[in-house]
Amino acid sequence: MRTQRPLIRTTWAAAGLAVLLTLSACGGSEETTQPQQLSETEHNKADVAFATEMIQHHAQAISMVDLTMDRKLDPEVEKLAEAIRAAQGPEIETMSSWLREWGEEVPATMRDHVNGGHEGHGDDDSSMSDSMEGMADDMPGMMSGEDMDALENASDAEFGDMWLEMMVEHHEGAVEMSETEQDEGRFKPAVDLAGTIIESQSTEIDTMEKLLG
């Protein structure tokens, strides 16, 4: 029996080493993730969802910018509002063109920005919540119809800070949606646009938070 013990010890040692090597190999495979495979031509469901939802999200932001017109605001707030309009209008058009190329429906928005009129809120008797009828308001950072009505009807003294606070929340939602696109999207131009939105709107969030003091 004594002559067999070294053999048993050796066998157990070999088995233990094999287990350690197996665990090490498994750990290495978890740490080494495959890079995201992007395409200049192919898209997936995440890309469609991103474009569809961000069009509606951007349209609401521009509607919020519309509400700054004829208000007495800090010049920095006016400058920021126009920067938002200048950036997000063309982005809506870009995403709309993608959806058309993919054979997908371009969504209606509260401004009907891509489907015809550019008049904003409709006739004088309609409210902001009326213009949002049938629109999704459960996207990150999306304001409800009641929120938009409250902003529209705010006094000049209340409007500035209310607008900034709502736009910060709105931008944070856009950043969240864009991060999802970067994680799950396949169409490189859409993933690149998501990166642009993250960068630009994060900078604007910082600016608005400073304006709020």
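Me: Which residue forms a salt bridge with Lys188?
Reply: Keep in mind that this is a predicted model. Lys188 sits in helix 7, and its partner lies in that helix too, 4 residues apart, about one turn of the helix. The closest N and O atoms of the pair are 2.8 Å apart. The partner is Asp192.

Me: Is Asp192 buried, exposed or partly exposed?
Reply: Asp192 has a relative accessible area of 39%. Buried means under 20% and exposed means over 50%, so a value in between gets the middle label. That makes Asp192 partly exposed.

Me: How many residues apart are Arg186 and Glu42?
Reply: These two form a salt bridge, with their closest N and O atoms 2.8 Å apart. The pair links distant parts of the chain: Arg186 is in the loop between helix 6 and helix 7, while Glu42 is in the loop between helix 1 and helix 2. Along the chain, they are 144 residues apart.

Me: Are Asp66 and Arg111 buried or exposed?
Reply: Their side chains meet in a salt bridge at 3.0 Å, N to O. Asp66 belongs to helix 2, and Arg111 to the loop between helix 3 and helix 4, so this pair also links distant parts of the chain. Under 20% relative accessible area is the cut-off that matters here. Both Asp66 and Arg111 are buried.

Me: Which residues are linked with Asp66 and Arg111 in a network of salt bridges?
Reply: A search of the whole structure turns up 6 salt bridges. Asp66 and Arg111 are part of a network of them. The other members are Glu82 and Arg85.

Note on methods:
Residues numbered from 1 in each chain as written. Predicted model: local features only at pLDDT ≥ 70, side-chain atom pairs only at ≥ 80, totals over all residues. Heavy atoms only, no water. Salt bridge = Lys/Arg side-chain N within 4 Å of Asp/Glu carboxyl O. Helix = DSSP H or I, 4+ residues; strand = E, 2+ residues; numbered from the N terminus. Buried < 20%, exposed > 50% of the residue type's maximum accessible area, 1.4 Å probe, protein only.
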